[in-house]
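Here are my comments on the model you sent, set out as numbered points. They deal with how the helices pack and with the main pocket.

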Amino acid sequence: MAEKKILKLIAKIIIGFLGLWALIIPILYIFGTTIYFPFKISGVEEIPYHRLQAVRIAVCFTFSYFAFRFLFIEYSKLYPVQFLDVFLKSLTLTSLLVYLNFGVELKEYILVIFFLTCSIITHIASGKKFRKYFN
């Protein structure tokens with residue numbers, strides 16, 4: 001039982017951190033400051049192209065997943081953590097593929113490892129047995 005509480009706490013901390021980060025970024029952009037993951041401050045339009053491509057393709061994969069899910073499953077209940085799970089899995093896969101395609105520096109792959117870790121945690125948190133602990 002203590003293991004489930006620890007896992008729940010870790011999942012909430014990581015999801016809370018990502019949620020806060022995702023809220024602060026657009027607010028700062030309105031005031032003329034661009035920050036890309038994790039905390040790199042840059043001028044407007046200086047975000048590395050390979051990172052933009054990875055996010056763009058991950059959004060497309062996520063949209064496709066939910067579009068086809070709607071077509072074939074229609075109205076099934078989804079929890080917010082399940083959306084995060086799908087998006088983080090897409091982001092992990094697309095980041096890896098785009099980074100390999102662009103031949104980016106080895107240090108950029110730390111992000112892939114981070115996204116993979118987050119997607120594993122959200123995968124566990126979105127499981128049927130674990131999901132009831134978030135209610």
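**Helix packing and the largest pocket**

1. In this predicted model, helix 1 passes helix 4 in a left-handed crossing. The two helices pack at an angle of about 125°, with their axes 10 Å apart, and helix 1 is therefore oblique to helix 4.

2. On the side of helix 1, the residues that meet helix 4 are Leu-7, Ile-10, Ala-11, Ile-14, Ile-15 and Leu-18, while helix 4 brings Phe-114, Cys-118, Ile-121, Thr-122, Ile-124 and Ala-125 to the contact. By class, the residues of this contact of helix 1 with helix 4 divide into eleven nonpolar, one polar and no charged.

3. Helix 3 and helix 4 pack at an angle of about 155°, and their axes lie 8 Å apart. Since angles over 145 degrees count as roughly antiparallel, helix 3 is described as roughly antiparallel to helix 4. Helix 3, too, passes helix 4 in a left-handed crossing.

4. The contact of helix 3 with helix 4 involves, among others, Leu-84, Leu-88, Leu-91 and Tyr-99 from helix 3, and Val-112, Phe-115, Leu-116 and Cys-118 from helix 4. Asp-85 and Lys-89 of helix 3 also belong to this contact, as does His-123 of helix 4. Taken by class, the contact of helix 3 with helix 4 has 14 nonpolar, five polar and two charged residues.

5. How do helix 2 and helix 3 pack? Helix 2 (residues 49-73) and helix 3 (residues 80-102) pack at an angle of about 140°, with their axes 8 Å apart, and they are therefore oblique to each other. Helix 2 passes helix 3 in a right-handed crossing, and the residues of their contact divide into 16 nonpolar, six polar and one charged.

6. The largest pocket has a volume of about 680 Å³. Of the 24 residues that line the largest pocket, Trp-21, Phe-37, Val-55, Phe-87 and Leu-91 are the closest to its centre. Leu-91 is also among the helix 3 residues that meet helix 4.

7. Which elements give two or more residues to the lining of the largest pocket? They are helix 1 (2-30), strand 1 (34-36), helix 2, helix 3 and helix 4 (109-125), and helix 3 gives the most, with seven residues. The lining of the largest pocket divides into 20 nonpolar, three polar and one charged residue.

Technical notes. Residues are numbered from 1 along each chain as its sequence is written. This is a predicted model: local features need pLDDT of at least 70, side-chain atom pairs count only at pLDDT 80 or more; totals for chains, interfaces and linings use all residues. Side-chain values use heavy atoms; hydrogens and water are left out. Axes are lines fitted to C-alpha atoms, for helices over the stretch in contact, and angles run from 0 to 180 degrees between N-to-C directions. Helices (H or I, at least four residues) and strands (E, at least two) are DSSP runs, numbered from the N terminus. Angles under 35 degrees count as roughly parallel, over 145 as roughly antiparallel, 65 to 115 as roughly perpendicular and the rest as oblique. A crossing is left-handed if the near helix is turned anticlockwise from the far one by less than a right angle, and right-handed if clockwise. Ala, Val, Leu, Ile, Met, Phe, Trp, Tyr, Cys and Pro count as nonpolar, Asp, Glu, Lys and Arg as charged, and the others, Gly among them, as polar. On a 1 Å grid over the protein atoms alone, a cavity is a set of points where a 1.4 Å probe fits but cannot get out, and a pocket is an open set with protein on both sides within 12 Å along at least five of seven lines; lining residues have an atom within 4 Å of a point. Grid points are joined across faces, edges and corners, and a volume is the space filled by probe spheres set on the points. Contact means heavy atoms within 4.5 Å.
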